[in-house]
Amino acid sequence: MPIDTQRLHQLMDYEAARDTPPTNFPALPPIPSARYTDAGFYELERQVMFRKTWLLAGHLDEMPEPGDFHRWDMAGLPVVLVHTEDGSVNALLNRCSHRGAPVAMANKGKKKRFTCPYHGWSYAHDGQLLAVRDARDFRDLDMSASGLRRLRCERLGKLIFVNFDLHTPSLRECLGALVDEWAEFDLENCRLSRRDRFTVRCNWKIAMEANLEVYHVPSIHGRTVAPVLDSRRNVNTFYPGGHSRMVAPIPAGHANPAWQSRWPEISSAGEIARTCTQSYSVFPNLVMPLNQFVIPPIQFWPDGPDQCIVETWTMAPDWGSTAKNGPDMWTEDAGARPSLVLREDIEMSEAIQETLDATQSTGIPLSYQEARIYHAHQSADAAIGREHIPPELQVQAVLNEAWWHPNEPRLA
Ligand code: FES
Ligand SMILES: [Fe+2]
């Protein structure tokens, strides 16, 4: 189903009018603050959760032709993405089956086959081992079992997703309702304008969670975001699998005229995209704002318990070949530094990490307005497996299916 515009408007009215959380909305137990500092919990996230969830890894524009490849190491394993002869994209572990050399040394390029730079074993785009130099010197080498390890790789439009777990349901199944709700944004034709990375000195969830609530907007973004977002009318939606969405109307007269005059629109974008600030989170680490001008995903990659890499993207409808640069949502001076809005969040996120590192673990109380954060934490425990998590670090699964899309107790 596409976005239910009428229901969202009813919910905005509901949110503006309420003076308590909705009836029956669960009390959210405090989140253990050690989840942002504990090295063991960090390892569980990295080695378990990030190994079985779909991760945005690339964009087809980065490898437009057969043979084009791109390395991708953001999830902590060496991967090479390659555009194959049949037009699909494969993800391969970038590790030669002989003695472990990376078969793709350059960050990107074009290759008919991958030839290992160490002893010359060569592999096809699907990972199959094609040839071994001096094969006569090997006894019992099983060529057919010695290919590069192939990973799950699926596309949504031009977006390339990777999953390290061979048994996970398909990308579309895991995204669920989001696939239909995003159909109006024509991801098949979104052109990649920028992709940048910034190291931030905080746990990846602290930076991510600044994008999962609008409660902080009046304090941190008084001059930037606050004027374009009516936080009292914000509507949060929880989806199965840990995904969620916020939609808050843009107050009349506050649409961004600079974007309007300069860039082409996504003509199929609907009313919510045009009149609201709308942002999804895709479990575990992707935030996906969507409007009629620009699709600017932002990702949060673990890089140690108290460090992360924020990866920002700007995609947009084709802005034509004459303009050298397309739109840039997230950076200043062509990637030299994050935009002001991002810097506002980063400064606070790094300060929070210092405080959490320096003080004793406590419980972090979350409001109804911040429940998307809770949804992500309880989904993380489900993905990791509760039995692997020390009891003092667990969160209880209190936000149950009754509150997940398409259920809507607020309008009952
Ligand atoms: S390590 Fe690749 S051929 Fe030896
Ligand atoms: Fe923010």
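Student: What makes His216, His221 and Asp345 the protein donors of the iron ion (ligand 2)?

Tutor: In this predicted model, His216 (NE2), His221 (NE2), Asp345 (OD) and Asp345 (OD) lie 2.0 to 2.3 Å from the iron ion (ligand 2). Donors are N, O and S atoms within 2.8 Å of the metal (3.2 Å for Na, K and Ca), so these atoms qualify. Water is not among the atoms, so sites may look incomplete.

Student: Why is the site of the iron ion (ligand 2) called irregular?

Tutor: The angles among its four donor atoms are 59 to 149 degrees. Four donors count as tetrahedral if all angles lie between 85 and 135 degrees; four count as square planar and six as octahedral if opposite donors are over 155 degrees apart and all others between 65 and 115; anything else is irregular. The angles meet neither four-donor rule, so the site is irregular.

Student: Why is histidine 221 called buried?

Tutor: Its relative accessible area is 1%. Buried means under 20%, exposed over 50%, partly exposed in between (1.4 Å probe, protein chains only), so histidine 221 is buried. Aspartate 345, at 11%, also counts as buried.

Student: How do you know that S5 and S10 pair?

Tutor: Strands S5 (residues 89-93) and S10 (residues 150-156) share two bridges in the antiparallel sense. Two strands pair if DSSP finds at least two bridges between them, so S5 and S10 pair. Strands (E, at least two residues) are DSSP runs, numbered from the N terminus. One bridge joins leucine 92 to arginine 150.

Tutor: Residues are numbered from 1 along each chain as its sequence is written. Side-chain values use heavy atoms, without hydrogens and water.

Conventions:
Chains lettered and ligands numbered in written order. Predicted model: local features only at pLDDT ≥ 70, side-chain atom pairs only at ≥ 80, totals over all residues. Helix = DSSP H or I, 4+ residues; strand = E, 2+ residues; numbered from the N terminus.
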